[in-house]
Amino acid sequence: YRDYFIPFLNAISSQHSAKGEVFNRQGKTDILVFDNNGNNVFIAECKLWKGEAYLLDAVEQLLKNYINWRDEKAAIIIFNRDVKKFSELIITATNAISKHSLCIKAHGQRKETSFSYQFKNPDDEHKSIKLELVLLNFA
């Protein structure tokens, strides 16, 4: 599903580029948007919904493996193919993210299935990361 986003992200601005499966810090993140100077602007990890524990593992993966000290904006994009009661999935996911040990604050719902949070950078308690949880339903 990630591959659907890359062309769109590249069409938005001539000042930025997006690539998939890009090495950053300690692994390959699913989506990396960077400016013409090579500075990271946005990092996203995409996952299929497999429950709350899998979601929290994805947050850990993103924050501890892919986020550098200078990175400030990130997202977890969840694709649902199996759960029929998507509203319940949204409640489960947002509650799980809010309870994460690095979550400072839930900033609320930006769109029907997009939620904003502020997280501590796991490497520096004085730095924070804006994390967006985006839930997409294909069930």
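Strand 5 and strand 6 run antiparallel and are joined by 6 bridges. Strands are DSSP runs of E of at least two residues, helices are runs of H or I of at least four residues, and both are numbered from the N terminus. Two strands count as paired if DSSP finds at least two bridges between them. The model is predicted: local features need pLDDT of at least 70, side-chain atom pairs count only at pLDDT 80 or more, and totals for chains, interfaces and linings use all residues. Residues are numbered from 1 along each chain as its sequence is written, and side-chain values use heavy atoms, with hydrogens and water left out.

The link between strand 5 and strand 6 is a hairpin through 2 residues. Within this pair, Cys 103 stands opposite Phe 119 in strand 6. The sheet as a whole is open and holds 7 strands in the order 1-2-3-4-7-6-5, with mixed pairing. Its edges are strand 1 (16-24) and strand 5 (103-111), each of which pairs on one side only. From one strand to the next, the twist averages 25°. Axes are lines fitted to C-alpha atoms, for helices over the stretch in contact, and angles run from 0 to 180 degrees between N-to-C directions.

At the strand 1 edge, strand 1 pairs with strand 2 (residues 27-35) in the antiparallel sense over 8 bridges. Ser 17 is placed opposite Phe 34 of strand 2. Strand 2 also pairs with strand 3, again antiparallel, over 4 bridges. Here Leu 32 faces Ile 43 in strand 3. A hairpin with 4 residues between the strands connects strand 2 and strand 3. In its turn, Gly 38 has a positive phi of about 85°. Strand 3 and strand 4 run parallel, joined by 6 bridges. Leu 48 stands opposite Phe 79 of strand 4. In a regular strand, side chains alternate between the two faces of the sheet.

Two helices pack on the sheet. Helix 2 (residues 52-66) lies across strand 1, strand 2, strand 3 (40-48), strand 4 (73-80), strand 6 (114-121) and strand 7 (124-137). Its direction is at about 150° to strand 3. Helix 3 (residues 86-98) touches strand 4, strand 5, strand 6 and strand 7. The direction of helix 3 makes about 175° with that of strand 7. Contact here means heavy atoms within 4.5 Å.

Asn 65 belongs to helix 2. Asn 65 is partly exposed because its relative accessible area is 27%. The classes are buried under 20% relative accessible area, exposed over 50%, and partly exposed in between, with a 1.4 Å probe and protein chains only. Beyond its neighbours within four places in sequence, Asn 65 contacts Asn 24, Arg 25, Gln 26, Gly 27 and Glu 60. Asn 65 and Arg 81 are 16 residues apart along the chain, and their C-alpha atoms are separated by 26 Å.

The count of salt bridges comes to 8. Each requires a side-chain nitrogen of Lys or Arg within 4 Å of a carboxyl oxygen of Asp or Glu. Glu 21 forms one with Arg 2, with the closest N and O atoms 3.2 Å apart. This pair links distant parts of the chain, Glu 21 in strand 1 and Arg 2 in helix 1, 19 residues apart. Glu 21 has a relative accessible area of 37% and is therefore partly exposed. Salt bridges link Arg 2, Asp 3, Glu 21 and Asp 30 in a network.

Glu 45 and Lys 47 meet through their side chains at 3.6 Å, N to O. Both Glu 45 and Lys 47 are buried. Glu 72 forms a salt bridge with Lys 127, the closest N and O atoms being 3.5 Å apart. Glu 72 lies in the loop between helix 2 and strand 4 and Lys 127 in strand 7, so the salt bridge ties together parts 55 residues apart in sequence. Glu 72 is partly exposed, with a relative accessible area of 43%. Lys 127 counts as buried because its relative accessibility is 16%.

Tyr 1, Tyr 4 and Phe 138 make a nonpolar surface patch of about 390 Å². Patch members have over 30% relative accessible area and no salt bridge; like charges are joined within 9 Å, and nonpolar side chains (Val, Leu, Ile, Met, Phe, Trp, Tyr) within 5 Å. Areas come from the Shrake-Rupley method with a 1.4 Å probe, and for residues only the protein chains shown count as cover. Tyr 1 sits in the segment before helix 1 (2-12). Tyr 1 counts as partly exposed because its relative accessibility is 38%.
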